[in-house]
Structures are given as C-alpha cells and as structure tokens.
Amino acid sequence: MKRTITVRINGQPFTRDVEVRTLLSDFIRHDARLTGTHVGCEHGACGACTIQVDGVPMRSCLLLAVQAEGREIRTVEALAEERPDGTLHPLQQAFHEKHGLQCGFCTPGFLMSLEPLYDADEIPTSDEGVREAIAGSLCRCTGYEQIVEAVQLAASRRAAERD
Amino acid sequence: MKPSRFAYHDPRTVPEALALLHELGDDAKVLAGGQSLMPMLNLRLARPEALIDINQIDALDEIALDEGTLRFGALIRHVMLERSPWTAQGWPIIPAALRHVAHPQIRNRGTVLGSVAHADPAAEMPVVLTALDARFEVRSVAGTREIVAADFFRSQMTTALEPTELLIACTVPALPPNTGCGFHEFARRHGDFALGGAAVVLTLAPDGTCADVRITLLGAGAVPVRAREAEAALRGHRLGDAAAEIARIAVGGIEPIAATVEEQRYRRRVVGVMCARSLESAQLAAEEAMQ
C-alpha cells in the first residue's frame, strides 16, 4: 500500500510517494537524503535515530513516515544550518572541545535529545543528573566520560549566558 | 530489519476505528504510541495484516480531573502524566513510577494505555494502575464496558480486550485522606526492564495503624500480582519495622518469570526488597499526609 505524503524537515517540505510501512528514519535518510540521522538498532534502544517532532525528541525508527505529515520534523542538520557564519551550536562546540564523540554515530541522537534541555536552560549539571538525562542514548566509543564533560561544559556556558 | 507489508488506516473518529476493528478483528493491530509495537514490527515479531493508527483521533487525547477522579484517554503520552500537576498532587506514585519507564524519548511518544494494552510483565503502568484500583473503559461496535484493573491482565501480553475492542480511557479514583504511596523497582541500568518492583498504597487510621493497604508486585509473574495475604497481615497494625516481614509474606508464593531456578530465586528476593522499601516509603508519605 502506498501513499503520497509531504513531510516537513528543518522547515523544508519533502513530497514523496512511499510504502506505508516506510519508517521515518528511512524517509529522512533515503527520501530526503538527510543522512545525519543514524540507524543503530531499529527497535528504539540505541537512540542514534532520535529526532524532534514539533520540538520533542522521539525515535524516528519507531515512527512511520506517514505519521509525520502535518508535523515539523527537526534533524541534527538544523543545529549548524540555522547558525550564522558557519559556527557550531553550543552543544556541538562543547562535544567537539571535550571529545564527546569518536566515530560520531551516536552523536546526533545525543544532540537532538539535549537541545530542548539546553534551550530551556534545564541541563543538569551533576554527574548523576547528566548521566540520567543522557541514559536514552548508547555510545560504544567514548565510555561516556567525555560526553558527560561536554554536557557539563555546555550547561555552564548556558548558565553564563543567563547571568 | 523493516516491517512486513500491512494495510494502513488512520481513522479520525472512535466510531471509524471501531468499525475497522469490527471488520478486521484479529488481522489488525492498533497503533498508538508505537513504542512497543513498532519494535515488534521492525523485528518482524509481529506481522499484522493491517494497522489501525489512532493518533488522529482527537477525542482520545483528553485528560480531566472530575470531583477528585482522574480520567485520561488512549492518546495520553507517558510524559503527560509524568508532568501533570494533577498526578503530582493526587497520585504521586504515577510520576514516581514513570521516571523508571524506558527513557524520555520513549515517554514522549508512548502512551500509558498502550502500555496497559500491551501488558508486558515487566511494565510499570499495569502494576501502578492495579495498585490504584483503576478502571478501564473498553469499547466496540457492540457497546462500552468497564473492566477493573484486577480483572484486566490475564497473562503475559494478554488482556481482557477482545480483538474487536479498543481501550478508550482509564479512570483512577481519588485516594482517601491520610494515604501515602511508595514505588521502587530494580533494573540493571536506568530505563532497563525491571527485574522486580513494587507499588504500595497505604492509608493510616487516626490511631496510626494501617486502615488499608494495597500491595502490587512488578515482575512477580506474568501479570501484576496483588499481595492480598500480605495486605491482610498489615491491616489493623502499625507497620513499625515489620516491612521486611510483610514483604516476605508478599513474595511467598510468587513465581517470577525466569530461565533458571537460581534466577527465579534471585528475582523473588529483588521483588521482596523492593516491596519492603515501598512499604516504608508509603508509610512515611502517609504519616506526612496525616500532619
């Protein structure tokens, strides 16, 4: 069964004729050619596919593309795309400085999950708080230490902005 | 992996959805949050011929507080109950348990009643709603019926829902005054399926003894287990330092799902410890409520 759908991703509409069983993660990667969103486990556990639906982080592998019609989908590409003069989003900058990524496969999921917390100035600062906040994303490279440090760095910079 | 082929329906109203269920019955699966169903489809553990996606049905996206009773519909996501000032005030055990459900990204999309209909033996919401004596409103083209939580869960992944029925809403009665709740679970990592847990709702009498208690165990078997013998042992008495003893009675006959005898013994022990902790938390909360 097929359906013609229009999915808005990072403000841009993508109209395609898709099989109804097409996962949103696959639509994003293959139909919209936005490969920043990664597919790790396809059953919701690893978090690499996390995107935002109307600003709320969700697993794109657990959504059907047809379910995304009428919603605003936001992927990791938006973070730098929306910034002037090629700078990185503060979260990306902090991950870069603290080596919060090695292969980078998990990173988009972390960033998409953390961005709303960053915007709301609600990133935890304690070690335990950060680890609980990022528990929804798995990383096989870093051992999480540098990711925690990156998040704490971003939080401190956000706090400095507030003052 | 990707899902196998299915026909896709996205009805806009409850009657449309019920008509589809009536027509398709066993061949169709209802898709709400999808946080349990989609993994099964992606792994091809489930191959329904049709999906009935209920996410467009506005009538199911309701939550209301009516004379102290909470009523919420099938599209209420876990995160909504987690953050609701109503649950924080009237049923704090709900947000306490929801913190343990998977991860925020899952809770943003998954629905509480989807978890109930899925009836995973390791799920928190079936246990909590059983402890709260919740009632489920179930509808088909034949009409509406209400099923109390105690009668709803039949076996693992099996509920009282007929293939042509839709779980529409849940009603949670108000807690009596001087009531405290406790919820504890143990999982190897935060967000993992629980190895064992317990939900306790405890009401104190004016003299400080236990007027009423409801103890529901998580991971004790195929369904949420009400520990009625333990409840009877506590009623009329002060909890004091008897939590471990009451918990021992609670887990006496339970048979947690396990691969080996040793694992079962371990899980029984975990459930017992969580039960004791939940009793103590509930007692403290009830004492605070009394002041």
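In what order do the strands of the open four-stranded sheet in chain B run? Let's start there and then work outwards to the other chain.

1. The order in that open sheet is 11-12-13-14, and its pairing is antiparallel. Keep in mind while you look at it that this is a predicted model. In general, strands in a sheet pair through backbone hydrogen bonds, either parallel or antiparallel.

2. Now find the edges of the sheet. They are strand 11 (179-186) and strand 14 (225-226) of chain B, and each of them pairs on one side only. Strand 14 of chain B is joined to strand 13 (residues 210-218) of chain B by two bridges, and the two run antiparallel. If you want a landmark, look for B:Thr216, which stands opposite B:Arg226 in strand 14 of chain B.

3. B:Arg226 is worth a second look. Salt bridges with shared partners tie it into one network along with B:Asp133, B:Asp212, B:Arg214, B:Glu231 and B:Arg235. Over all chains, the count of salt bridges comes to 30.

4. Here are two other salt bridges inside chain B. B:Arg139 pairs with B:Glu137, with the closest N and O atoms 2.7 Å apart. How accessible are these two partners? B:Arg139 has a relative accessible area of 25%, so it is partly exposed. B:Glu137 comes in at 14%, and because buried means under 20%, it counts as buried.

5. The other one is B:Arg189 with B:Asp192, where the closest N and O atoms are 3.1 Å apart. B:Arg189 has 51% relative accessibility and counts as exposed. Its partner B:Asp192, at 21%, is partly exposed.

6. On to the place where the chains meet. How many residues does each chain bring to the contact? Chain B brings 28 residues and chain A brings 27 residues. Between them the two chains bury about 2400 Å², with 53% of that on carbon and sulfur atoms. On the chain B side, B:Tyr8, B:Gln105 and B:Arg109 lose the most area to chain A, and together they make up 26% of what that side buries.

7. What holds charges across this interface? The rule finds five salt bridges between chain B and chain A. There are also 11 residue pairs in polar contact between the two chains, counting pairs with both residues at pLDDT 80 or more. Four elements of chain B give two or more residues to the side that touches chain A: strand 1 (7-9), helix 2 (37-42), strand 3 (50-53) and helix 6 (104-107). Helix 2 of chain B gives the most, with three residues. Sorted by type, the residues on this side of chain B are 11 nonpolar, nine polar and eight charged.

8. Finally, look at B:Lys2. Its side chain meets that of A:Asp26 in a salt bridge (2.7 Å, N to O). B:Lys2 also forms a salt bridge with A:Glu42, with the closest N and O atoms 2.4 Å apart. Why does the B:Lys2 and A:Glu42 pair join two chains? B:Lys2 sits in the segment before strand 1 of chain B, while A:Glu42 sits in the loop between helix 1 (24-31) and strand 3 (50-53) of chain A, so the pair joins the two chains. B:Lys2 is partly exposed at 35% relative accessibility, whereas A:Glu42 is buried, with a relative accessible area of 7%.

Key. Residues are numbered from 1 along each chain as its sequence is written. Chains are lettered from A and ligands numbered from 1 in the order in which they are written. This is a predicted model: local features need pLDDT of at least 70, side-chain atom pairs count only at pLDDT 80 or more; totals for chains, interfaces and linings use all residues. Side-chain values use heavy atoms; hydrogens and water are left out. Contact means heavy atoms within 4.5 Å. Buried area is the accessible area (1.4 Å probe) that two parts lose on being put together, summed over both. A salt bridge is a side-chain nitrogen of Lys or Arg within 4 Å of a carboxyl oxygen of Asp or Glu. A polar contact is a pair of N or O atoms within 3.5 Å; within protein, one must be able to donate a hydrogen and the other to accept it, and residues adjacent in sequence count only if both atoms are side-chain atoms. Ala, Val, Leu, Ile, Met, Phe, Trp, Tyr, Cys and Pro count as nonpolar, Asp, Glu, Lys and Arg as charged, and the others, Gly among them, as polar. Buried means under 20% relative accessible area, exposed over 50%, partly exposed in between (1.4 Å probe, protein chains only). Two strands pair if DSSP finds at least two bridges between them.
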